Amino acid sequence: MAGAGGIRLSNVSKAFVARGKTIEALRDVSLTCEPGSFTALLGPSGCGKSTILRLALGLEHADGGRVEIGGQTSEKATASGLTGVAFQDSALLPWRNVEDNISLPLDILKRDRREYSAKIAELIQLVGLKGFEKSLPGELSGGMRQRVAIARSLVTEPGVLFLDEPFGALDQILRRQMNIELQRIWTETRCTALLVTHGIDEAVFLADRVAVMRSRPGRVASMIEIPFSRPRSPDLFSDPVFHKLCDGIAEVLHGG
Ligand SMILES: Nc1ncnc2c1ncn2[C@@H]1O[C@H](COP(=O)(O)OP(=O)(O)OP(=O)(O)O)[C@@H](O)[C@H]1O
């Protein structure tokens with residue numbers, strides 16, 4: 001790994017103009033994720049969570065403030081392969097098999113895929129897809145496709161990993177399993193992770209800190225430290241202290 005880089009947004013603002021109307025997606029957002037930490041972003045629909053990720057990936061430009069990834073601009077961080085990203089809909093190319101989908105970022109960054117063959121095999125093992133190397137996305141279940149997306153996000157050995165509702169389309173049971181797997185994968189890679197999610201329990205289970213956002217304009221309303229030690233056991237999901245914390249976050253989220 002290139003070394004976990006931190007994520008720093010300082011007083012970031014971003015507005016969009018659509019159909020003659022200005023939408024203030026983010027106003028004065030500051031967020032710092034220390035190297036190697038796991039942060040979850042929770043908030044109502046439209047509060048600007050994905051916009052933060054898009055700014056951090058250099059896919060959008062802030063109107064004001066600064067975005068730094070590992071001390072670099074987001075564009076430089078993305079171009080150097082410091083960042084990895086996995087989206088909700090897995091976004092796999094249907095004509096590429098598992099191995100070829102995982103290696104896609106290498107093609108984009110014009111890296112020699114042959115140098116990564118051991119890494120690709122290791123990632124396939126890490127996400128539990130050994131034996132499916134040559135399978136096409138259409139031959140995989142939703143959970144397996146998301147595992148491919150996670151493996152793909154890790155192929156450049158990124159120091160910073162962005163996850164935009166990676167398990168949002170999965171049912172509750174599979175989602176829990178994937179949460180447990182993601183914890184294991186993150187523990188092995190120790191990259192800096194920023195997870196966008198609508199799941200309070202998912203955020204509390206995985207993160208060191210949960211940032212709760214509010215909308216119109218999008219802003220960080222509260223930062224909650226998660227006290228549970230690691231590794232976190234699946235039993236945590238049924239722990240009364242865990243539930244109390246989730247209930248407290250739900251109150252903050254719903255404006256309590
Ligand atoms: N390209 C765009 N053009 C116009 N408006 C946009 C654009 N991208 C985002 N927005 C607006 O900015 C606001 C924040 O959007 P964003 O997708 O970041 O929210 P979100 O918190 O990720 O929502 P969700 O949880 O529903 O995915 C919304 O009001 C959205 O309509």
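These legends describe close-up views of a predicted model.

**View 1. The two domains and their contact.**
The domain assignment divides the protein into domain 1, made of residues 1-82, 161-169 and 192-256, and domain 2, made of residues 85-157. Taken over C-alpha atoms, the centres of domain 1 and domain 2 are 24 Å apart. Where the domains touch, domain 1 contributes 13 residues and domain 2 contributes 13 residues. On the side of domain 1 that touches domain 2, nine residues are nonpolar, two are polar and two are charged.

**View 2. The open sheet of four strands.**
Four strands form an open sheet in the order E2-E1-E4-E5, and their pairing is antiparallel. The edges are held by E2 and by strand E5 (72-73); each has a single partner strand, so one side of each is left without a neighbour in the sheet. Inside this order, E1 and E4 are adjacent.

**View 3. The pairing of E1 with E4.**
Strand E4 covers residues 64-69 and runs antiparallel to E1, to which five bridges join it. One of the residue pairs to look for is Ile7 with its bridge partner in E4, Ile69.

**View 4. Helix H1 on the sheet.**
Helix H1 spans residues 49-56. H1 lies across three strands, E1, E2 and E4. Relative to E1, the helix runs at about 115°.

**View 5. The shell around the ligand.**
The ligand has 13 residues around it, of which Phe16, Ala25, Ser45, Ser50 and Thr51 come nearest. Strand E1 (7-18), strand E2 (21-33) and H1 each supply at least two residues of this shell. Which of these elements gives the most to the shell? It is H1, with three residues. Sorted by class, the shell has seven polar residues, five nonpolar residues and one charged residue. The elements in this view thus recur from the views above: E1 and E2 belong to the open sheet, and H1 lies across both of them.

**View 6. The hairpin of E9 and E10.**
Strand E9 takes in residues 209-214 and strand E10 residues 219-225. The two strands pair in the antiparallel sense, over six bridges. Among the paired residues is Arg214, whose bridge partner in E10 is Arg219. Four residues stand between the strands of this hairpin. At Arg216 in the hairpin, phi is positive, near 50°.

Definitions and conventions
Residues are numbered from 1 along each chain as its sequence is written. This is a predicted model: local features need pLDDT of at least 70, side-chain atom pairs count only at pLDDT 80 or more; totals for chains, interfaces and linings use all residues. Domain bounds come from an automatic or database domain assignment. Two residues are in contact if their C-beta atoms, placed from the backbone, lie within 7 Å. Ala, Val, Leu, Ile, Met, Phe, Trp, Tyr, Cys and Pro count as nonpolar, Asp, Glu, Lys and Arg as charged, and the others, Gly among them, as polar. Two strands pair if DSSP finds at least two bridges between them. A residue is near a molecule or strand if its C-beta atom, placed from the backbone, lies within 6 Å of it. Axes are lines fitted to C-alpha atoms, for helices over the stretch in contact, and angles run from 0 to 180 degrees between N-to-C directions.
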